[in-house]
Amino acid sequence: AEFIAQGISNMMWAFATVNKSHPVLFEAMGDQIVAFEHLNGFLPQNLSNTVWAYATAGTPQPKLFEKVANHIVESDSLDQFQPQ
């Protein structure tokens, strides 16, 4: 699952970095992440890159943000996030 998480994260980050918004892709990938049973395969960097990409691309995905926030709170993993 880590490869899938990193691949999703990297792809969404890349689109946002080059200012390329593709609403259909962002919606499909966001829906896929929300559909995952859990986000344990996502490292803190994967989660950070993913939500950064959505925020930067201006693609609203409130369910994705809620799922990521709930995962961080429930896993008590906030201390694993490093500033960059």
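What follows is a walk through the helix packing in this predicted model, built around helix 3 and its two partners.

Let's start with helix 3 on its own, which covers residues 44-57. Does its length fit what a helix should give, or is it off, and what do the numbers say? At 1.5 Å a residue, its 14 residues should span 20 Å, and the C-alpha atoms at its ends are indeed 20 Å apart, so the two agree. Quite a bit of this helix is tucked away: Pro44, Asn46, Leu47, Asn49, Thr50, Val51, Ala53 and Tyr54 are buried. Leucine 47, which sits in helix 3, has a relative accessible area of 4%, and since anything under 20% counts as buried, leucine 47 is on the buried side. For a sense of scale along the helix, take leucine 47 and alanine 57: they are 10 residues apart along the chain, and their C-alpha atoms are separated by 15 Å. Just after the helix comes glycine 58, with a positive phi of about 70°.

Now bring in a neighbour. Two packed helices are described by the angle between their axes and the distance between the axes. For helix 3 and helix 4 (residues 62-75), the axes come within 11 Å and cross at roughly 155°. That makes helix 3 roughly antiparallel to helix 4, because an angle over 145 degrees earns that label. The handedness of this crossing is left-handed.

Which residues do the touching between helix 3 and helix 4? From helix 3 come Leu47, Thr50, Val51, Tyr54 and Ala55, and from helix 4 come Leu64, Phe65, Val68, His71 and Ile72. Sort this contact by class and you get eight nonpolar residues, two polar ones and no charged ones.

Two of the helix 4 residues deserve a closer look. Histidine 71, in helix 4, is buried, with a relative accessible area of 14%. Setting aside its neighbours within four places in sequence, histidine 71 is in contact with Leu39, Asn40 and Leu47. Leu47 you've already met as a buried residue of helix 3. Next along is isoleucine 72, also placed in helix 4. Isoleucine 72 comes out at 18% relative accessible area, so with the cut-off at under 20% it counts as buried. Isoleucine 72 and phenylalanine 36 are 36 residues apart in sequence, and C-alpha to C-alpha they are 15 Å apart in space.

On to the other partner, helix 2 (residues 23-35), which packs with helix 3 at an angle of about 145°, the axes being 12 Å apart. Here too the crossing is left-handed. Helix 2 brings Phe26, Met29, Gly30 and Ile33 to the contact, while helix 3 brings Thr50, Ala53, Tyr54 and Ala57. By class, that contact has six nonpolar residues, two polar and no charged ones. Thr50 and Tyr54 turn up in the contact with helix 2 and in the contact with helix 4, and both are among the buried residues of helix 3.

One last stop lies earlier in the chain. Asparagine 19 is in the loop between helix 1 (2-17) and helix 2. Most residues other than glycine have a negative phi. Asparagine 19, though, has a positive phi of about 55° without being a glycine. Is asparagine 19 buried or exposed? Its relative accessibility is 67%, so asparagine 19 counts as exposed.

Methods: Residues numbered from 1 in each chain as written. Predicted model: local features only at pLDDT ≥ 70, side-chain atom pairs only at ≥ 80, totals over all residues. Heavy atoms only, no water. Axes fitted to C-alpha atoms, helices over the stretch in contact; angles between N-to-C directions. Parallel < 35°, antiparallel > 145°, perpendicular 65-115°, else oblique. Left-handed = near helix turned anticlockwise from the far one by under 90°. Contact = heavy atoms within 4.5 Å. Nonpolar A, V, L, I, M, F, W, Y, C, P; charged D, E, K, R; others polar. Expected span 1.5 Å × (residues − 1). Buried < 20%, exposed > 50% of the residue type's maximum accessible area, 1.4 Å probe, protein only.
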